[in-house]
Every structure is written in C-alpha cells, then in structure tokens.
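Me: I'd like a close look at one part of this model, the contact between its chains, with enough of the surroundings to place it. Please keep it informal and spell out the cut-offs as you go.

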Number of protein chains: 2
Amino acid sequence: MKKSSEKLPSRKLRSLETRKKLLAAGREQFIESGFHKTTIAQIIKKANTGYGTAYVHFKGKDDLLMQLMEEVMDRFYEIAELPFKPQSKQEAYDIIEKQASLFLEMANEERSMMQVFEEAIRLSDDVNRKWKDTRERFIKRIAQDIAYSQAHGLARTDVDHHLVARGWFFANEMYLWEIVKNEYGFTVEEIAHNLTAVYTGGIYG
Amino acid sequence: MKKSSEKLPSRKLRSLETRKKLLAAGREQFIESGFHKTTIAQIIKKANTGYGTAYVHFKGKDDLLMQLMEEVMDRFYEIAELPFKPQSKQEAYDIIEKQASLFLEMANEERSMMQVFEEAIRLSDDVNRKWKDTRERFIKRIAQDIAYSQAHGLARTDVDHHLVARGWFFANEMYLWEIVKNEYGFTVEEIAHNLTAVYTGGIYG
C-alpha cells in the first residue's frame, strides 16, 4: 500500500482533477437541463476543459451519466448489502423494514439526479442496460437473504426465493420512481412500513 | 336499443370501416417496425386510404396507438374487474391467484402489441399518461377488493389498502413487462403462484 504522504505524479493528479471537474459539471448540467437536452459541449464548457481532454475521460454524454450513476448506485448497494443474519422473525422484519426505508429515503435525497437517471433509463439503451444490471445485483442479494431465512427455519420454504425476491424488489423500485417523480402523497415511512408488513407477513408468517 | 336488422347509413358505415382498416394497418405496421420507426404515412399507405380521411379518425401516430391500446386494455380491465366477494380466505386466495395468472397470461398472448406499448410508454408523453391512468384504474379496483376483505374480517386491518394495492400491482406490472420482453425464465403460472402466495399470506395470514 502507498503511504498517504507519497504524492501522485502531477500529471496523474491533474488528470484526476479534470475528471472530477467534468463529473461535477455534468451533474450540474444534467440536473439543469435533463438528460435528453444536455449536450457534451455544454458540460465541457461548464468544466472549462478542452474537447480532447474530456474525451480521454468519457466516451460521451451517456458514458459520463453512467459514471455519475455509479456513485449514487454505490450508496444503494451499501443498503442492499447490509448484514442479514437474523436470529428471529422479528429481527428479520426489523432489518427488512430498515432496508426498505433507507432505499426509499435515498431516492428522496438524491431526487434531482434520480430524475435524470429515470429519463436516461428510458431513452438510452446503454443506461437502461446499466440499470438492469443494478437491479439484478439487488435482487440476487435479496434472494440470498430469503434463502438464509429459509435455511434457518425463519421463512416458509414453499416459495421460490428468486421469484419472491424479484417481486419484492419490483414493488420497492416502482415506489422509488414515484417518490423520485413526487407523484405520490404518502411518506417514505408509511410506504416502507406497509410494504414490509405485507411482504414479511407473507414469507415469515 | 337499435334492432340489429336496422342498417347504419352507408356513409357512417364506410367511415367505421375506414377506421377499422386504419387500426388494423396500424397494428400491423407497429408490430413490424416498432413505435418509434413507424410513420403515419406508412399506416395510411398500408390501409389504402387518403391522408384527409385518416386525419378524420386519428390525430396522428400517438393517437392511433392509444386507440389500439384501449382495445387491449379493455381485456385487462375485464380481469381486474372480476367479481370479488370472497366468503373465506381460501376463496380470496383463489380469486387473486386466478386474476394474477390471467393478467400475466394476457401479456403473454398480446406480447407483440405489448412490446410496442412498452416502447411507446417510454417515448411518448401522451401514451405514458394513458398507461398511468390505466394503472390507477387497476390499483383503485385492487384497493376496493382489499377494503372489502378488511371489512369482512378476512384481511388484516393494520395496513393501508391503497398503499398495499399499489405495491401488489407494481410487482405484477414489472413481471408483466419482463414477460412481454421475454426476459425471464419462469412460467406465468410459477410467477403468479409465488407472487400470490406471499401477497395473500401477508394480508390474509
């Protein structure tokens, strides 16, 4: 491991700073104009870099958006990947409600960028594919958690953990997009509580 | 009510036939080229009518698509609006599993048109709004069914029927789109069975 006092070569450092500037400019421009209307030229101008330099870092608008998406998705993954080793049904319930709340709350906090992602997922095949990969990663983790509960006698075993995990994620995801679009009048807590009550009631009994 | 032997005026009859021809041509062209690539000119040519005549019936491509959507959605509404007056939890369970199966099976049968709708919902604001209205109509009906079960001592009353109805519809809807896009390896019956098991277990106990 490098010592923190050890300096990066200045060229490498400049390159990292340029990348950061471009990401920040992209974020700002996307929030301002939406995905479709934003051009890579606007972002380059805002970041005050050259075209050649910009294309060293990003293949284009879609690519830059996907790297911004990665940052937000990492925060979501942290929630999906919270330790799940419940000793009781009640403990399982508590962890699941907590996860659902954090997931929806995060969408709430990141609303401006999530609105941009929603548009980009609809319009760009590459971004759409990236979102689907993200979804599969989430569902896989949920399926593991269900399988754990089934193996430990906490959850019913007459349902398929993959299919159930998928349905559970879908309900959460759709609510996430409604929260992002400000389309529904309930609070995040009410949504998380009701979803979790039915879901855990359904598999933990 | 008119007697069936009574004839429509021939001008009116011709107009209805033109409309039907345009809808049939639209259906064919949309399935062939997708929503985005289809032009109203292609549809008019396929229907062998004039521009002026076509615009009497449809404001444009989006409008024609929405009228095709209406036909398919009517089949969906029939499923959503099946009588729901269960006398027991088991009866509730059976009706719900049947509805979920019919809903997903319908998507399966109408796959080609549903693929066109999926694209149009992503790309056209008008079509998107229409789908949202459809969704709300479904959810409202499910919420009524839950309220009925709650009022009759069949379902738990500590959950909000609107919120639960929404989550249940969302899980079904997302599976519907996966079936439409051929993206998931399970059968309609397996999906309907597992979704229903968790949902009814969660609210009927």
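Reply: Here is the contact, after a quick look at the chain around it and before a few local details.

First, the ground rules: this is a predicted model, where local features need pLDDT of at least 70 and side-chain atom pairs count only at pLDDT 80 or more, while totals for chains, interfaces and linings use all residues. Residues are numbered from 1 along each chain as its sequence is written, chains are lettered from A and ligands numbered from 1 in the order in which they are written, and side-chain values use heavy atoms, leaving out hydrogens and water.

Chain A has 9 helices and 0 strands; both are DSSP runs numbered from the N terminus (helices are H or I, at least four residues; strands are E, at least two). Along the sequence that reads α-α-α-α-α-α-α-α-α. The C-alpha atoms of chain A fill a box of roughly 60 × 45 × 25 Å along the principal axes. Of the 205 residues in chain A, 52% are buried; buried is under 20% relative accessible area, exposed is over 50%, and partly exposed is in between (1.4 Å probe, protein chains only). Take the contacts in chain A between residues at least 6 apart in sequence: 73% of them join residues at least 24 apart. Contact here is heavy atoms within 4.5 Å.

Now the part you asked about. Chain A and chain B each put 32 residues into the contact. The area buried between them is about 2800 Å², with carbon and sulfur atoms giving 63% of that. Buried area is the accessible area (1.4 Å probe) that two parts lose on being put together, summed over both. On the chain A side, A:L163, A:M174 and A:V198 lose the most area to chain B, and together they make up 23% of what that side buries.

What about charges and polar groups? The rule finds 2 salt bridges across the interface, a salt bridge being a side-chain nitrogen of Lys or Arg within 4 Å of a carboxyl oxygen of Asp or Glu. One of them pairs A:R166 with B:E178, whose closest N and O atoms are 2.9 Å apart. There are also 9 residue pairs in polar contact between the chains, counting pairs with both residues at pLDDT 80 or more. A polar contact is a pair of N or O atoms within 3.5 Å; within protein, one must be able to donate a hydrogen and the other to accept it, and residues adjacent in sequence count only if both atoms are side-chain atoms.

Which helices of chain A supply that surface? At least two residues each come from α6, α7, α8 and α9 (188-204), and α8(A) gives the largest share, 11 residues. By class, this side has 16 nonpolar, 5 polar and 11 charged residues. Ala, Val, Leu, Ile, Met, Phe, Trp, Tyr, Cys and Pro count as nonpolar, Asp, Glu, Lys and Arg as charged, and the others, Gly among them, as polar.

Helix α6(A) is worth a stop. Its residues, 111-123, number 13, and it reaches 18 Å from first C-alpha to last, close to the 18 Å expected; the expected span is 1.5 Å times one less than the number of residues. Buried residues in α6(A) include A:M113, A:M114, A:V116 and A:F117. Their cover includes α1 (10-37), α4 (61-80), α5 (89-109), α7 (125-151) and α8 (161-180) of chain A.

Over in chain B, helix α8 (residues 161-180) has 20 residues and reaches 28 Å, close to the 28 Å expected. This α8(B) is mostly covered, with 18 of its 20 residues buried. At its start, a side-chain oxygen of B:D160 reaches to within 2.9 Å of the backbone nitrogen of B:H162. Just after α8(B), B:N182 takes a positive phi of about 55°.

Two loop spots to finish. A:N48, in the loop between α2 (40-47) and α3 (51-57) of chain A, has a positive phi of about 60° although it is not a glycine. A:N48 counts as exposed because its relative accessibility is 66%. B:T38 sits in the loop between α1 (10-37) and α2 (40-47) of chain B, and at 1% relative accessibility it counts as buried. Leaving aside neighbours within four places in sequence, B:T38 is in contact with B:Q29, B:F30, B:S33, B:I43 and B:K61.
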